[in-house]
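Me: I've got this model open and I'd like a close look at a single part of it. Could you pick one strand, walk me through its surroundings, and then tell me what else is worth a glance?

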Amino acid sequence: TYVLIGGLTINAGASLTVNPGVVIKPTPGAAIGVYGNLTMNGTAASGDTITITSINDDNFGFPNATNNNGSITAPQRGDWGYINFVAGSTGSLSRCRLKFGSTGATNGVVNMTGVAIPVNNSLISDATHGIGIFGAITPVISNVQINNCNSTPILMSVAANPTFSGINFLANSITALG
């Protein structure tokens, strides 16, 4: 388990690959800004999903209780920020579990602004919006479950033209595209 203390910026020309099975628990407000490359590709093997979740989420990681208070503090929406891919960045998200992120009205837990990043075989849950797609971009989003958002699971620009397949929504406040 890695605790992300503060924000993380991946600068243009830099690259970060998160290995299968890694658990990252950002502190409150911490976000990941991607100007270079972020690759987060877990595998189908048991325990090889990449997880980013609340520091208060005792269900994932080793050790599980990274905040050292057992189950006293429950995880909740907004316990960390989001992953923000900007124009010119690259990357991919596959076999990831992203929980208890952004509560921003204009953000998803995963944001793509002017760049299409593939997202597949993943779970995004417990946020305001799951995925934000901004600009005239055409990302491929496949086999993604988006649960427990207190607004729309996907927030997108009118100019965006994503390809969706195998998308499932469960227990979101608004079951629609925002």
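Reply: Here is a walk around strand β13, followed by a pocket and a loop residue.

Keep in mind that this is a predicted model. Let's start with the sheet that β13 belongs to. It's an open sheet of six strands, and if you go across it you meet them in the order β2-β5-β8-β11-β13-β15, with parallel pairing. At the edges stand β2 (8-10) and β15 (154-156); each has a single partner strand, so one side of each is left without a neighbour in the sheet. On average, neighbouring strands here are turned by 10 degrees against each other, direction ignored.

Now zoom in on β13 itself, residues 131-134. On one side it has β11 (residues 110-113), running parallel to it and joined to it by four bridges. Want to find that pairing on your screen? Look for Asn111, whose bridge partner in β13 is Gly132, and then for Met112, which has Ile133 as its bridge partner. β13 also pairs with β15, again parallel, this time through three bridges. One spot to look for there is Ile131, which is the bridge partner of Ile154 in β15.

So much for the neighbours within the sheet; what about the side chains? Ile131 and Ile133 point one way from β13, while Gly132 and Phe134 point the other way. All four of these residues are buried.

Next, the pocket. The largest pocket has a volume of about 210 Å³. Its lining includes Tyr2, Val3 and Leu4, along with Leu16, Thr17 and Val18. Two strands, β1 (2-4) and β3 (15-18), each supply at least two residues of that lining. Leu8, Asn19, Val22, Ile24, Ile32 and Leu38 are also among the lining residues. By character, the lining divides into ten nonpolar residues and two polar ones, with no charged residue.

Last stop: the loop between β7 (50-52) and β8 (83-86), where you'll find Asn56. Although Asn56 sits in a loop, it counts as buried because its relative accessible area is 13%, and the cut-off for buried is under 20%. The side chain of Asn56 also has a polar partner: it makes a polar contact with the side chain of Asp79, at 3.3 Å.

Definitions and conventions: Residues are numbered from 1 along each chain as its sequence is written. This is a predicted model: local features need pLDDT of at least 70, side-chain atom pairs count only at pLDDT 80 or more; totals for chains, interfaces and linings use all residues. Side-chain values use heavy atoms; hydrogens and water are left out. Two strands pair if DSSP finds at least two bridges between them. Axes are lines fitted to C-alpha atoms, for helices over the stretch in contact, and angles run from 0 to 180 degrees between N-to-C directions. On a 1 Å grid over the protein atoms alone, a cavity is a set of points where a 1.4 Å probe fits but cannot get out, and a pocket is an open set with protein on both sides within 12 Å along at least five of seven lines; lining residues have an atom within 4 Å of a point. Grid points are joined across faces, edges and corners, and a volume is the space filled by probe spheres set on the points. Ala, Val, Leu, Ile, Met, Phe, Trp, Tyr, Cys and Pro count as nonpolar, Asp, Glu, Lys and Arg as charged, and the others, Gly among them, as polar. Buried means under 20% relative accessible area, exposed over 50%, partly exposed in between (1.4 Å probe, protein chains only). A polar contact is a pair of N or O atoms within 3.5 Å; within protein, one must be able to donate a hydrogen and the other to accept it, and residues adjacent in sequence count only if both atoms are side-chain atoms.
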